[in-house]
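Student: I have a structure open here and would like to talk it through with you. Could we start with a single residue and work outwards?

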Amino acid sequence: ITKISKGKKGTVKLVKVSKKKYRKTLKNATVKASVKYKGYTFKVTAVGKKAFQGCKKLTKVTIGKNVKTISAKAFYQSKKIKKLVVKGKSLKKISKTAFNKGVRKKLKITAGKKVKKRILKSLKRKK
């Protein structure tokens, strides 16, 4: 939890895939726009460092509309990722090391024009 405000709202950062068995079998990952916990609604605003580390079968990632940042090595060792879908316009910062080098070169990105441009710039790609 990164922030709690009055009215049972706040923000969270996705820290990691919790169970080891999920890291071994996860193929499609979705970072939701928000989550509920103990009656509170939290917007998911960040994907933390090494959040999906070890998800070796991961091929597709969908990022929710409230995510603003994707941290370093968030998808480290997830070398099979082929597709990144970004919903919304909130994504402002993506670490240049969020994805492995080989993935960065071939990743198919589906996002709004401005967001896609930011992602390509951070991954040091033109298209």
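Student: Let's begin with T62, then; which residues does T62 touch, not counting residues up to four places away in sequence?

Tutor: This is a predicted model, and in it T62 touches A29, T30, V31, V85 and K87 once residues up to four places away in sequence are set aside. T62 itself is found in strand β6.

Student: And is T62 buried or exposed?

Tutor: T62 counts as buried, because its relative accessibility is 10% and the cut-off for buried is under 20%.

Student: Ok, what about K60, where does that lie?

Tutor: K60 also lies in strand β6, but K60 is partly exposed, with a relative accessible area of 31%. Leaving aside neighbours within four places in sequence, K60 is in contact with K27, N28, A29, K83 and V85, and K83 is also the bridge partner of K60 in β8.

Student: How far apart in space are K60 and I70?

Tutor: They are 15 Å apart, C-alpha to C-alpha, with their positions ten residues apart in sequence.

Student: Back to the strands: how many bridges join β6 to β8, and in which sense do they run?

Tutor: Four bridges join β6 to β8, and the two run parallel. On the other pairing, β3 and β6 are also parallel, again over four bridges. V61 is a useful residue to follow here, since A29 stands opposite V61 in β6, while the partner of V61 in β8 is L84.

Student: Which residue in β10 does L84 stand opposite?

Tutor: L84 stands opposite I109 in β10, and β8 is joined to strand β10, residues 108-110, by three bridges in a parallel arrangement.

Student: Switching to the core: which members of the largest nonpolar core touch the most other members?

Tutor: That core has 31 residues, and F52, I63, I70, F75, F99 and I119 touch the most other members. Each of β3 (28-31), β5 (40-47), β6 (60-63), β8 (83-86) and α3 (113-122) supplies at least two residues of this core. As a general point, nonpolar side chains in soluble globular proteins tend to be buried together.

Student: What is F52 in contact with, leaving aside its neighbours within four places in sequence?

Tutor: The contacts of F52 are L14, V17, L26, A29, V31, V47, L58, A74, F75, Y76 and S78. F75 is on that list, and F75 is also named, like F52, among the core residues that touch the most other members.

Student: New topic, pockets. What is the volume of the largest pocket?

Tutor: Its volume is about 400 Å³. The lining consists of 17 residues, and those nearest the centre of the pocket are V12, L14, K32, V35 and V44. The elements giving two or more residues to that lining are β2 (9-14), β3, β4 (34-37) and β5.

Student: How many of the lining residues are nonpolar, polar and charged?

Tutor: The lining divides into 13 nonpolar residues, one polar and three charged. L14 is worth a second look, as L14 is one of the lining residues nearest the pocket centre and is also in contact with F52.

Student: Last one, where is G88 and what does G88 contact?

Tutor: G88 sits in the loop between β8 and β9 (93-94) and counts as partly exposed at 37% relative accessibility. Beyond neighbours within four places in sequence, G88 is in contact with K65 and V115; the C-alpha atoms of G88 and K65 are separated by 4.2 Å, although the two are 23 residues apart along the chain.

Conventions
Residues are numbered from 1 along each chain as its sequence is written. This is a predicted model: local features need pLDDT of at least 70, side-chain atom pairs count only at pLDDT 80 or more; totals for chains, interfaces and linings use all residues. Side-chain values use heavy atoms; hydrogens and water are left out. A nonpolar core is a set of buried Ala, Val, Leu, Ile, Met, Phe, Trp, Tyr and Cys residues joined through side-chain atoms within 4.5 Å. Buried means under 20% relative accessible area, exposed over 50%, partly exposed in between (1.4 Å probe, protein chains only). Contact means heavy atoms within 4.5 Å. Two strands pair if DSSP finds at least two bridges between them. On a 1 Å grid over the protein atoms alone, a cavity is a set of points where a 1.4 Å probe fits but cannot get out, and a pocket is an open set with protein on both sides within 12 Å along at least five of seven lines; lining residues have an atom within 4 Å of a point. Grid points are joined across faces, edges and corners, and a volume is the space filled by probe spheres set on the points. Ala, Val, Leu, Ile, Met, Phe, Trp, Tyr, Cys and Pro count as nonpolar, Asp, Glu, Lys and Arg as charged, and the others, Gly among them, as polar.
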